[in-house]
Amino acid sequence: MLRFFILVSLLLVSLEANSKQDGLAYLNTIREHAGLIKLKTNKSLEKAAASHAKYLIQNQRNGHYEKKGKYAFTGTTPSKRVIKAGYPTTFVMENLSINTKGYAKSIDNLFSAIYHRFVFLNFDKDEIGFGSAFSKKKKKIKRAYVYDIGSSGIAELCDRSFSMEHGVYYMKNICKQSTKMVPKSLFEEKKDEIRRKNRDIILYPYVGQRNVWPAFYNESPDPLPGYKVSGFPVSVQFNPAYYKNVKLNSFRLYDGSGKEIKEIKILQQKNDLNQLFGKLEFALMPLKRLEFNTTYTVLFEAVADGTRVKKRWTFKTIKPKEILYRITKNKTNLTVLSGSTAVLYMVPGSKKDIIHSYRSRGGVKVTFLDQNTLEVTFPKRRSSGRVSLDVGKKKVFFEVQ
């Protein structure tokens, strides 16, 4: 029996490692397509990320902060947690998501949230730790994925010793020893070393990207207060190694027929309510969901350090594998094949119109794809009674053949 349990344990560890490797490969593929270098794995960052994921599950919490005295507590902030895990510097960023299924879906969700996207597309970070935790019990938070991202160059500085020199500016509170003084010029130099390995301007979705999910739902803090559902954000970031000041002239989005989408909000440093945008970061937020299986065109114009910059590119939203039904009426009748699967897109009627619950009859099996989209599998028989689905005020009746 002992041998059996050891084998099971080794298998679970192996599966976990493969999952992290797949997740890192997925994130790095996105970064490379966008024009950024790959992130490498760091064991201390992994340890910190795993400990926070465990804390979130054990205490049923969501967010970047921990409370001292709670089970699995390792530090109140990401900076303190990475230091405790053995990372030399507090110069880190953290992303996390809950209740997504798998690293790829978790990463996709974070890319739909503009502040978290900028963390994954950061110019001066080059290493990362993945952490996850799960619960099979009936809990509100069943899965947690945490990503701690750092800079090897800054970590290297914190492992060195420096003598104080007259006329040199120093920084503290960036290393494990908070009083340790690091020359500011070297700190900036190490950041620029990584920045210069990356492209000068990062566009996202990247040029020609496919399978983009068309919606954005929520983020904390919230970049679009009052909106529970909106469209996938489009962003442009200028590399601070090459640019100092950028003035935005125009940022436009066009649908598949070439018609400009007018219902948008442009976010930049001067109007970001949460003050999280840098002066070189810009985002176009569609105020309505984008459509499935549609090619969108973006036109961006700005003046960067006195030089005109113009970018035009396209991306395409995802086409569901199954047949897609776009539901707009309160009552809809559909004819479907027994045992088949379809996707029901319940088109939101307002900025707050999301699915809170559903009721199915006749053996219909339902899975959420997002808060307005359901994957529905029909019974493997012809309908002898009512087969239907109630979603809020919308009712869908199915004739199963």
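Serine 250 sits in strand β11, which covers residues 246-254. In this predicted model, serine 250 counts as buried because its relative accessible area is 13%, and the cut-off for buried is under 20%. Let's start from this residue, follow its strand to the partners beside it, and then visit a sheet, a pocket and a helix.

**Serine 250 and strand β11**

- If we set aside the neighbours within four places in sequence, serine 250 is in contact with Leu299, Phe300 and Glu301.
- Those contacts fit into a wider pairing: β11 and β14 run antiparallel and are joined by eight bridges.
- Which residue of β14 is the bridge partner of tyrosine 254? The partner is threonine 297.
- As background, strands of a sheet pair through backbone hydrogen bonds, and they can do this in a parallel or an antiparallel way.

**Strand β14 and its hairpin with β15**

- Strand β14 spans residues 295-304 and is mostly covered, with eight of its ten residues buried.
- β14 is also joined to strand β15 (residues 307-316) by ten bridges, and these two strands run antiparallel.
- Within this pairing, alanine 302 stands opposite valine 309 in β15.
- β14 and β15 form a hairpin, with two residues between the strands.
- Look in the turn for aspartate 305, which has a positive phi of about 50°.

**An open sheet of four strands**

- Another place to look is an open sheet whose four strands come in the order β7-β10-β13-β12, with antiparallel pairing.
- Which strands are at the edges? They are β7 (201-204) and β12 (264-267), each of which pairs on one side only.
- From one strand to the next, the twist averages 10°.
- Strand β10 (residues 234-238) and strand β13 (residues 281-286) run antiparallel, with four bridges joining them.
- Two of the partnerships can be picked out by residue: glutamine 237 has glutamate 281 of β13 as its bridge partner, while valine 234 has leucine 284 of β13.
- β12 and β13 are likewise joined by four bridges and run antiparallel.
- Here lysine 265 stands opposite methionine 285 in β13.

**How covered is strand β13?**

- Six of the six residues of β13 are buried, so this strand is largely enclosed by the rest of the structure.
- In a regular strand, the side chains alternate between the two faces of the sheet.
- In β13, both faces are covered: Glu281, Ala283 and Met285 are buried on one side, and Phe282, Leu284 and Pro286 are buried on the other.

**The second largest pocket**

- The second largest pocket has a volume of about 490 Å³.
- How many residues line this pocket? There are 22, and Ile261, Glu263, Lys288, Arg289 and Glu291 lie nearest its centre.
- The lining of this pocket is a mixture of nine nonpolar, three polar and ten charged residues.

**Lysine 190 in helix α7**

- Lysine 190 belongs to helix α7, which runs over residues 184-195.
- Is lysine 190 buried or exposed? Lysine 190 is buried, because its relative accessible area is 10%, and buried means under 20%.
- Apart from its neighbours within four places in sequence, lysine 190 is in contact with Gly153, Ile154, Glu156 and Leu157.

Conventions:
Residues numbered from 1 in each chain as written. Predicted model: local features only at pLDDT ≥ 70, side-chain atom pairs only at ≥ 80, totals over all residues. Heavy atoms only, no water. Buried < 20%, exposed > 50% of the residue type's maximum accessible area, 1.4 Å probe, protein only. Contact = heavy atoms within 4.5 Å. Pairing = 2+ DSSP bridges. Axes fitted to C-alpha atoms, helices over the stretch in contact; angles between N-to-C directions. 1 Å grid on protein atoms, 1.4 Å probe; cavity = no way out; pocket = protein on both sides within 12 Å on 5 of 7 lines; lining within 4 Å. Points joined across faces, edges and corners; volume = space filled by probe spheres on them. Nonpolar A, V, L, I, M, F, W, Y, C, P; charged D, E, K, R; others polar.
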